[in-house]
Number of protein chains: 2
Amino acid sequence: MTDRSDRAWERLGDFIRSQRELANLSLRQLAEMAKISNPYLGQVEKGLYKPSADVLKNIANALQISAETMYTQAGLLDEDAKAPPGRDVEQAIRLDPNLTTDQKDTMIRIYRGFLGRT
Amino acid sequence: MTDRSDRAWERLGDFIRSQRELANLSLRQLAEMAKISNPYLGQVEKGLYKPSADVLKNIANALQISAETMYTQAGLLDEDAKAPPGRDVEQAIRLDPNLTTDQKDTMIRIYRGFLGRT
DNA sequence: AGCGAGTGCTAAGTATACTTAGCACGAGAA
DNA sequence: TTCTCGTGCTAAGTATACTTAGCACTCGCT
């Protein structure tokens, strides 16, 4: 293809890197979890390579992100009207069976505070 | 990796072949639609290679099959039912575009704190 | 009998996904 | 200081995804 101009892969790289940093993982740590080498993971995050589908899946698993959103980020699953990102934080909190009602309230209050609205 | 023992890819090949024959397409026809060479498509159908994610997507498009079912057939999207607790909430937080990185960190830390003392 | 034109396939090459070895820098401890 | 240990990175190699050229066969057609 030689068509490296695909922007989707760059965005995917940025997405992976941000998720990795959010999880406080080093390149080597995530690489080991995803069963790939750390230099390669670095290149992927820079958008230099198009990782194969199973590598993508391994990374998604390691980051505890659904493979689906991973593929969507990679532009491989454009499937319009899939999972609308964001905005369902409150719903996810409400549906979580591991939290007490008070805890849910607390988190939602914090969340709304962050959003800047009540 | 040298881990070619994955049976999922064989099943994927069979799936593609059956779909292709169902659509009355020759190897060359489908290959052209999917923008790959016909010998390669043949090998893929035989399970000799793991096609990359975008090739998979192209094949899916050409066969008028949703990329999603394609990936599922490839065993790349089965999303094991063993979702660890907290996965949904954390993911929703991470993907929320309205929060800063610090805010996400804070919320996730609080959330994990709640999980820890129940 | 020939001739195409279509089919799937193999072999050998090229491109690129991916690994191993190792460098340069920074933070904390002796 | 120096000595780890950890970080991200580059360079050079290997493995494999993918292509181009072309073979052997079959099915109409003349």
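These entries record what I looked up in the structure, element by element.

**Basis.** I worked from a predicted model, in which local features need pLDDT of at least 70, side-chain atom pairs count only at pLDDT 80 or more, and totals for chains, interfaces and linings use all residues. Residues are numbered from 1 along each chain as its sequence is written, while chains are lettered from A and ligands numbered from 1 in the order in which they are written.

**Chain A.** I took helices (H or I, at least four residues) and strands (E, at least two) as DSSP runs, numbered from the N terminus. I found 7 helices and 0 strands in chain A. I then looked up burial, counting a residue as buried if 20 or more other C-beta atoms, placed from the backbone, lie within 10 Å of its own. Of the 118 residues of chain A, 33% are buried on that count. For contacts I required C-beta atoms, placed from the backbone, within 7 Å. Among contacts in chain A with a separation of 6 or more, 42% join residues 24 or more positions apart.

**Helix α4(A).** I noted that 9 of the 10 residues of α4 (residues 53-62) of chain A are buried, so this helix is largely enclosed by the rest of the structure. The buried residues include A:A53, A:L56 and A:I59. I traced their packing to α1 (7-22), α2 and α5 (67-73) of chain A, together with α4 of chain B. After α4(A) comes A:Q64, with a positive phi near 60°.

**Nonpolar cores.** I defined a nonpolar core as a set of buried Ala, Val, Leu, Ile, Met, Phe, Trp, Tyr and Cys residues joined through C-beta atoms within 7 Å. The largest core has 43 residues, of which A:L56, A:I59, B:L56 and B:I59 touch the most other members. Apart from that core lies another, of 12 residues, including A:V89, A:I93, A:M107 and B:A92. Returning to B:L56, I listed its contacts beyond four places in sequence as A:A53, B:P51, B:M70, B:Y71 and B:A74.

**Chain A with chain B.** I found 40 residues of chain B in contact with 35 residues of chain A. On the chain B side, α4 (53-62), α5 (67-73), α6 (87-95) and α7 (101-116) each supply at least two residues. I classed Ala, Val, Leu, Ile, Met, Phe, Trp, Tyr, Cys and Pro as nonpolar, Asp, Glu, Lys and Arg as charged, and the others, Gly among them, as polar. That side of chain B divides into 20 nonpolar, 8 polar and 12 charged residues.

**The α7 pair.** I used axes fitted to C-alpha atoms over the stretch in contact, with angles from 0 to 180 degrees between N-to-C directions. The axes of α7 (residues 101-115) of chain A and α7(B) come within 11 Å and cross at roughly 175°. The two helices are therefore roughly antiparallel (an angle over 145 degrees). The contact is made by A:Q103, A:M107, A:I110, A:Y111 and A:F114 with B:Q103, B:M107, B:I110, B:Y111 and B:F114. I counted 8 nonpolar, 2 polar and no charged residues there.

**DNA strands.** I treated a residue as near a strand if its C-beta atom, placed from the backbone, lies within 6 Å of it. Around strand C there are 19 residues, the closest being A:Y40, A:S52, B:S26, B:L27 and B:P39. Two or more residues come from each of α3 of chain A and α2 (27-33) and α3 of chain B. Around strand D there are 19 residues, with A:S26, A:L27, A:P39, B:Y40 and B:S52 nearest. The surface near strand D has 9 nonpolar, 8 polar and 2 charged residues.

Definitions and conventions
Two residues are in contact if their C-beta atoms, placed from the backbone, lie within 7 Å. Angles under 35 degrees count as roughly parallel, over 145 as roughly antiparallel, 65 to 115 as roughly perpendicular and the rest as oblique.
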